[in-house]
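Q: I am new to this structure and would be grateful for a close look at a single part of it. Please begin with one residue and then place it in the wider picture.

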Amino acid sequence: MIPNLNHQENIKQDTFSFIKALSESDYSGEIAKSYASRLAAATDNSVYQCLPQAVIFPKSTQDIVAICQLAQSAEFEDIRFSPRGGGTGTNGQSLTNDIVLDLSKYMNNVLEINAEEGWVRVQTGVVKDQLNEYLKPHGLFFSPDLSTSNRATIGGMISNDASGQGSLIYGKTSDHVLALTSVLIDGSVLESKPLTALDLIDQVERQDSIGAIYRQVIDTCETQLQNIEDTFPKLNRFLTGYDLKHVYDHETGTVDLTRILCGAEGSLAFITEATLHVQPIPTYRTLFNIKYDSFQSALQNAPFLVKANALSVETVDSKVLNLAKQDIVWHSVKDLISDVPGQVLDGINIVEFAEADETIQQQKIDALIVMLDGLIENKQAGVIGYQICSDLADINRIYGMRKKAVGLLGKADSRAKPIAFAEDTCVPPENLAEYIIEFRQLLDDKGLHYGMFGHVDAGVLHVRPALDLCDPEQEKLMREISDKVVALTAKYKGLMWGEHGKGFRSEYGPDFFGNELFTELRKIKTVFDPHNRVNPGKICTPIDSTESLVSVDAAKRGTFDRQIPIQVRESYAQALDCNGNGLCFNYDTKSPMCPSVKVTRDRVHSPKGRAGLMREWLRQLANNDIDILQLESDLYAGKNASIFTKFKNTLAKRGGEYDFSHEVMEAMQGCLACKACSSQCPIQVDVPTFRSRFIHLYHDRYLRPVKDYFIAYVEQYAPLMGKMPRFFNFFTGLKVTSALTEKVVGMVDIPQLSSPTLKTALQDNDIVEFDLGKLQALSKEEREQYVLVVQDPFTTFYDADVVRDLFLTIKKLGFKPVLLPFKPNGKPQHIKGFLTKFAKTAEDSAAFLNQMAALDIAMVGTDPAMVLCYRDEYKQALGEKRGEFNVQLFQEWLKPRLSGEAKTSQNSHFYLLGHCTEKTAEPTSGNDWATIFSHFGGTLSNVAVGCCGMAGTYGHDAGKLADSKAIYSLSWEAEIAKHDRAQCLATGYSCRSQVKRIEGETLKHPVQALLTLL
Ligand SMILES: Cc1cc2nc3c(=O)[nH]c(=O)nc-3n(C[C@H](O)[C@H](O)[C@H](O)COP(=O)(O)OP(=O)(O)OC[C@H]3O[C@@H](n4cnc5c(N)ncnc54)[C@H](O)[C@@H]3O)c2cc1C
Ligand code: SF4
Ligand code: SF4
């Protein structure tokens, strides 16, 4: 049995008093001090790990003023704060052992727009893609781009001075910041924008911290003019430290403090609002995907492409391309980057042209085509082919793949994982090819694996060498390579931190700047933050401070993970491998990725949050000398804790006894087990799998709630109740029964059983009975005419019309459907972590289905979640013993059998709202249905929706009802309202029941719509 894990990293006394005082003040935001919340903010996408004391989520500028004013009190003078946005930094910029101030949860509103003047004012917790979605109807966009655009905040972009594709034309974030509102640590509010010499007089004369800031900045810029000119690199990625090069215009005397705040990595002030320049969305866009025989050819050809006046040139190597090919994302782009017959495709350049004038655009395109055709014909420059796309959706798909590729670089099957520490170096583009040769040599000499791609137009290279930081020797190697890359970039007149900021690489700052200039940076830090309380250790310390800068040698995730035995790490790789890139925070409500974090906006309830908790849980068990793998096999062998022990432990839990496992359990209970993470996360962090294992172990120590049994045994009681549906429906329909079920079991809106039953419905339709002997006696040709329909408890007993219509459809298509006897699938047991029982159910069902598979007759199931369970959870539970049986979804079975002329009339139009597990695990399913409908004379559009909020039984859990409905309203509600309900289709039983309960109307399964077309 797992032990009670009562060890917590306690909160320091002064922090404790501070958050108590804050909660009693006018502060209106949220304060999180649970161990789980602190762990969720302990990592970003870097290799580092720092446990904060608490996480506070302000709701307004005024809240931050309140925080800073309270922090001025003498008893709180040691308290420090680090601002945080999306937490996607690659070098630990937002990590701290003090208090995290997270602006992303509540301060995420667009405040004002002036489309005519081309600006927008936002709170800095707004996500970049969220802003562009807001701007789109105005024909505008915020141009600095970055791979993490669906979760990085404007505050993080400003503070890291983010940029990416298109930066040569569009520039960096700092080029588009018109004004900022920031709160200084002393509680004063700094409104910054460019001030002319005349405007400056008042500011310089102020006797407060703001006056001191202006005086210091002007003094530094005036006295260090030549030094700044000589030291700051002449690169597109110019920024390093505080932007002394652009803060002061020596000719006009204009000072713009926003330039100092941009790129300051949150080390000067808390930026709460930003006025940003926005520009018209280009009317004409065209992308060339140019293919090369090697990465080196692609790199060497890049400057040539830049000269073709392209908006951007991005290079991707074969390693990254191959990673993308193995990911779900490839389905969306495979036709746009097809292989070249007879040639090896080992690198691509993605070249974009974007213009407002169609003629100019066409001239540029034509010129490049002539150039590329010439290179191919003469077998020059390693160009082996190219493809052009001008469709916006296609262009977005290519960039979607490119953006995801950065995350995919973090994926690896070995213990060594690609990590960020020298992943954004920048050298002058003309030095890039030479520099890469030396960089590769450095990595090759150490025998390291790595993939590369980059914004070659700006000389930025993304590389993540694979290292196992659980191995202390490899941690040392990271330091060694780090130092060598710093030297190498210096040799090629570049920077180690070309795009992602410095963070824990701040220790290299003094050498880069030299003593004199670095002292000036420290003076600037001093006037903003004299006591080193704002993101301490990043970039520089105040002039009188004796504290150190953060360093590459700081505690890393590996420092903690190495405490977990290797076998456990490997067995729980689905959790341990999370690298914190934050893709699971995708703000887009139409993406299936993690409904639980979308609805709660609580990062504990994200795949990353859950994976982090699991890592810590395994670490604590290891530190308690618990062999978790042995415990699991004991459970499978039936060695459970006694009921008495569980009862005693549950009583202690009710009495308030702390156990870290309860915090983990709470996070796991918020998961809908939709499985979007297991396919959408670039690392394929699979929460439902480790969640079930955790629940299994947890309930060996603590008693289960009644509802777990109610859910897990649905496949046992539904067939019995389904024999007398009217009788049971009468009782479940009574108000008193609903009230009792809610109170005693904790379940709501229990669905009604199908009446008439499936059996009756099929009897009326002349269906072939299942008879194994007769099926075995069929000839090979005859078997091809048959289809075995695999039952699941939900459609068979609660939605029998769908199964009946499936039969009718199969018959109309000229085949003979046969209903297989009902066999429990086990998915409900798996969800509730009854893993010993699930293993048994899976074994029995697999044995039966393998027997059926031996008939060599196609098997088809109706509900996607249940069918996909045979492919995924069965494989995990049974391994080789699963056998080779294959249950197909209807569209998978039918599509390859489509034959003959397609019907031409296309009068009936349908909208498919796909099941999220199906869409993510089988990404072609929506298109397969569209092909089938079009063959039979209908049309079908796939509607972009996220999760419906039901997810099996989650929506029936009384405690989750509000979240379930809120998830529905994120994307389903509006889409359902947009279309005629009779034309809306849903493949998932859960989705149909959610629509029924909320809208009072039942959606059809696509098979039912298809039947009307036949
Ligand atoms: C896979 C991957 C790809 C990436 N690709 C790119 C890329 O193409 N281009 C690029 O530029 N970057 C890239 N990054 C780095 C990172 O995503 C960006 O720098 C991003 O702008 C950080 O935003 P965030 O909201 O996540 O900030 P966080 O990581 O939360 O914070 C970043 C810094 O900003 C500070 N900060 C945050 N909000 C505020 C505020 N309101 N006031 C003051 N300080 C604040 C923090 O203290 C911290 O120092 C990538 C990261 C990953 C994981
Ligand atoms: S769970 Fe996946 S997507 Fe989320 S942070 Fe971890 S690796 Fe990234
Ligand atoms: S299964 Fe779904 S709800 Fe659970 S963590 Fe993964 S994406 Fe989030």
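Is H830 buried or exposed in this model, and what surrounds it?

A: In this predicted model, H830 is buried, because its relative accessible area is 6%, and the limit for a buried residue is under 20%. The residue belongs to helix α40, which covers residues 827–831. Not counting residues up to four places away in sequence, H830 touches P688, S692, L835, F838 and E873.

The surroundings of ligand 3 include helix α30 (687–698) among the elements that give two or more residues to the shell. The others in that group are α24 (595–600), α25 (607–623) and α29 (676–680). The shell around ligand 3 holds 14 residues, of which C594, R610, C671, C674 and C677 come nearest. By class, this shell divides into 11 nonpolar residues, 1 polar residue and 2 charged residues.

Ligand 2 has 13 residues around it, and those that come nearest are C578, N581, G582, C584 and C681. Its shell is made up of 8 nonpolar, 4 polar and 1 charged residues.

Ligand 1 has 35 residues around it, with P83, G85, T88, T153 and S163 coming nearest. Its shell consists of 10 nonpolar, 22 polar and 3 charged residues. Several polar atoms of the protein can be located with respect to this ligand. A polar side-chain atom of S159 lies 3.0 Å from a nitrogen atom of ligand 1. A backbone N or O atom of G156 is found 3.4 Å from an oxygen atom of the ligand, and a backbone N or O atom of E265 lies 3.0 Å from an oxygen atom of ligand 1. Taken alone, ligand 1 exposes 970 Å², and the protein buries 99% of that area. Strand β3 (81–84), helix α5 (154–160) and strand β12 (270–277) are the elements that give two or more residues to its shell. Of these, α5 gives the most, with 5 residues.

Burial can also be followed in the nonpolar cores. The largest nonpolar core has 58 residues, and the members that touch the most others are I290, V351, L368, Y435, F439 and M478. Two or more of its residues come from each of β14 (284–292), α12 (295–306), β16 (347–355), α15 (358–377), α17 (432–445), β21 (460–463) and α18 (472–491). Helix α17 gives the most to this core, with 6 residues. I290 illustrates how such a member is surrounded: leaving aside neighbours within four places in sequence, I290 is in contact with L305, G347, I348, N349, V351, L368, L372, V383, G385 and Y386. Apart from the largest core lies another, of 53 residues, whose members include A162, I228, A269 and F518.

A further covered element is helix α49, formed by residues 1006–1013, in which 7 of the 8 residues are buried. These are P1006, V1007, Q1008, A1009, L1010, L1011 and L1013. The buried residues of α49 pack against the helices α39 (800–812), α44 (890–894) and α46 (925–935), together with the strands β27 (908–913), β28 (938–942) and β29 (984–986).

To return to the residue in the request, H830 is buried within α40, and its contacts include P688 and E873.

Key:
Residues numbered from 1 in each chain as written. Chains lettered and ligands numbered in written order. Predicted model: local features only at pLDDT ≥ 70, side-chain atom pairs only at ≥ 80, totals over all residues. Heavy atoms only, no water. Core = buried A, V, L, I, M, F, W, Y, C linked by side-chain atoms within 4.5 Å. Buried < 20%, exposed > 50% of the residue type's maximum accessible area, 1.4 Å probe, protein only. Helix = DSSP H or I, 4+ residues; strand = E, 2+ residues; numbered from the N terminus. Contact = heavy atoms within 4.5 Å. Near = heavy atom within 4 Å. Nonpolar A, V, L, I, M, F, W, Y, C, P; charged D, E, K, R; others polar. Polar contact = N/O pair within 3.5 Å; in protein donor to acceptor, adjacent residues only side chain to side chain. Areas by Shrake-Rupley, 256 points an atom, 1.4 Å probe, with all protein chains shown as cover.
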